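This briefing walks through selected features of one protein chain, grouped by topic for reading beside the sequence and the three-dimensional view. Please keep both open while going through the points.

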Amino acid sequence: MWMTFGTLAALRDAGVGGEECSIRLVDSQRPFAVGDLLVQPFTVPHDAREPVQYVLSDGASRLGVLTDTGCATAHIEANLSGCDALVLECNYDPDLLEGGPYPRSLKARIAGRLGHLDNRTSGEILAALDRGRLKHVIAAHLSQTNNTPELARAALARALSCEPAWISVATQEEGFSWRDL
């Protein structure tokens with residue numbers, strides 16, 4: 001099991017052992033290999049202990065994964081630029097979140113700088129990237145209560161000036177299908 005020291009510390013503080021499996025610590029500043037893949041972690045703003053996201057590469061292609069982050073940063077954009085494929089959080093639509101059933105405190109946490117990405121901010125991140133090699137974009141981590149696939153697709157399609165149907169959406173039940181890079 002791979003995790004940052006902060007994640008391990010949080011698990012231990014919560015009384016979760018992990019003794020039954022091998023734990024490998026991730027340095028958020030250093031790439032590491034898993035088989036033939038190079039995994040580049042990068043730090044993100046989120047309300048967790050030492051949160052990271054990843055860019056995976058086989059030497060020819062790069063897949064960027066960004067979920068569980070509350071805002072855009074230059075560091076995030078630098079790490080995701082030049083990817084061949086992106087899995088990008090589109091957690092909520094601000095209007096659906098505001099009008100939805102969640103308690104005010106949870107709404108504030110989700111929409112905060114250490115919460116989750118709304119559709120518009122995800123589109124802004126996408127627009128800021130070097131997209132010269134981009135072949136696939138997958139909207140992910142959509143709230144079933146505070147978002148719709150159509151709203152997420154539309155926001156990302158605006159950033160790319162493409163048809164919304166080009167954007168894929170990962171579902172909570174099925175994820176997404178294989179892609180060729």
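Strands here are DSSP runs of E with at least two residues, and helices are runs of H or I with at least four, both numbered from the N terminus. By that numbering W2 falls in strand β1, which covers residues 2-4. The model is a predicted one, and what follows should be read with that in mind.

**The aromatic pair and the surface around W2**

- The structure holds one aromatic pair, and its members are W2 and F32, whose rings are stacked with 4.5 Å from centre to centre and 20° between the planes.
- Because W2 lies in strand β1 and F32 in strand β3 (residues 32-34), the pair ties together parts that are 30 residues apart in sequence.
- The two partners can be set side by side in terms of accessibility: W2 counts as partly exposed at 35% relative accessibility, whereas F32 is buried, with a relative accessible area of 14%.
- W2 also contributes, together with V34 and L37, to a nonpolar surface patch of about 230 Å².

**Two buried positions, A9 and Q53**

- A9 sits in helix α1 (residues 5-13) and is buried, since its relative accessible area of 14% falls under the 20% limit for that class.
- Although A9 and R49 are 40 residues apart along the chain, their C-alpha atoms are separated by 8.0 Å.
- Q53 belongs to strand β5 (residues 52-57) and counts as buried at 9% relative accessibility.
- The side chain of Q53 reaches the backbone nitrogen of T67 at 3.0 Å, and T67 also appears among the residues that Q53 contacts when neighbours within four places in sequence are left aside.
- That set of contacts of Q53 further includes Q40, P41, F42 and V44, as well as V65, L66 and D68.

**Salt bridges**

- Side chains of opposite charge can pair when their charged atoms come close, and in this model the count comes to seven salt bridges.
- One of them joins K135 to D84, with the closest N and O atoms 3.2 Å apart; this pair links distant parts of the chain, as K135 is in the loop between α5 (119-128) and β8 (136-140) while D84 is in the loop between α2 (74-80) and β7 (85-89), 51 residues apart.
- The K135 end of this bridge is partly exposed, with a relative accessible area of 38%, whereas the D84 end is buried, with a relative accessible area of 3%.
- Another salt bridge is formed by the side chains of R104 and E98, at 3.0 Å from N to O, and E98 counts as partly exposed at 45% relative accessibility.
- R120 and E124 form a further salt bridge, in which the closest N and O atoms are 2.6 Å apart; the two residues are four apart in helix α5, and therefore separated by about one helical turn.
- Within that pair, R120 is exposed, with a relative accessible area of 51%, and E124 is partly exposed, with a relative accessible area of 41%.
- Elsewhere, D84, R133 and K135 are joined into one network by salt bridges that share partners.

**Helix α5 and its surroundings**

- At the start of α5, a side-chain oxygen of D118 reaches to within 3.0 Å of the backbone nitrogen of R120.
- The buried residues in α5 are N119, T121, S122, G123, I125 and L126, and the buried residues of this helix pack against β6 (62-66), α2, β7, β8 and α6 (149-160).

**Positive phi values outside glycine**

- H141, placed in the loop between β8 and α6, has a phi near 60°, a positive value in a residue other than glycine, and H141 is partly exposed, with a relative accessible area of 33%.
- S161, placed in the loop between α6 and β9 (168-169), has a phi near 55°, again positive in a residue other than glycine, and S161 counts as exposed at 70% relative accessibility.

How values were computed. Residues are numbered from 1 along each chain as its sequence is written. This is a predicted model: local features need pLDDT of at least 70, side-chain atom pairs count only at pLDDT 80 or more; totals for chains, interfaces and linings use all residues. Side-chain values use heavy atoms; hydrogens and water are left out. Buried means under 20% relative accessible area, exposed over 50%, partly exposed in between (1.4 Å probe, protein chains only). A polar contact is a pair of N or O atoms within 3.5 Å; within protein, one must be able to donate a hydrogen and the other to accept it, and residues adjacent in sequence count only if both atoms are side-chain atoms. Contact means heavy atoms within 4.5 Å. Patches are made of residues with over 30% relative accessible area and no salt bridge: like charges are joined within 9 Å, nonpolar side chains (Val, Leu, Ile, Met, Phe, Trp, Tyr) within 5 Å. Accessible areas come from the Shrake-Rupley method with a 1.4 Å probe; for residues, only the protein chains shown count as cover. A salt bridge is a side-chain nitrogen of Lys or Arg within 4 Å of a carboxyl oxygen of Asp or Glu. Rings of Phe, Tyr and Trp (its six-membered ring) pair if their centres lie within 6.5 Å; planes under 30 degrees apart count as stacked, over 60 as edge-to-face and the rest as tilted.
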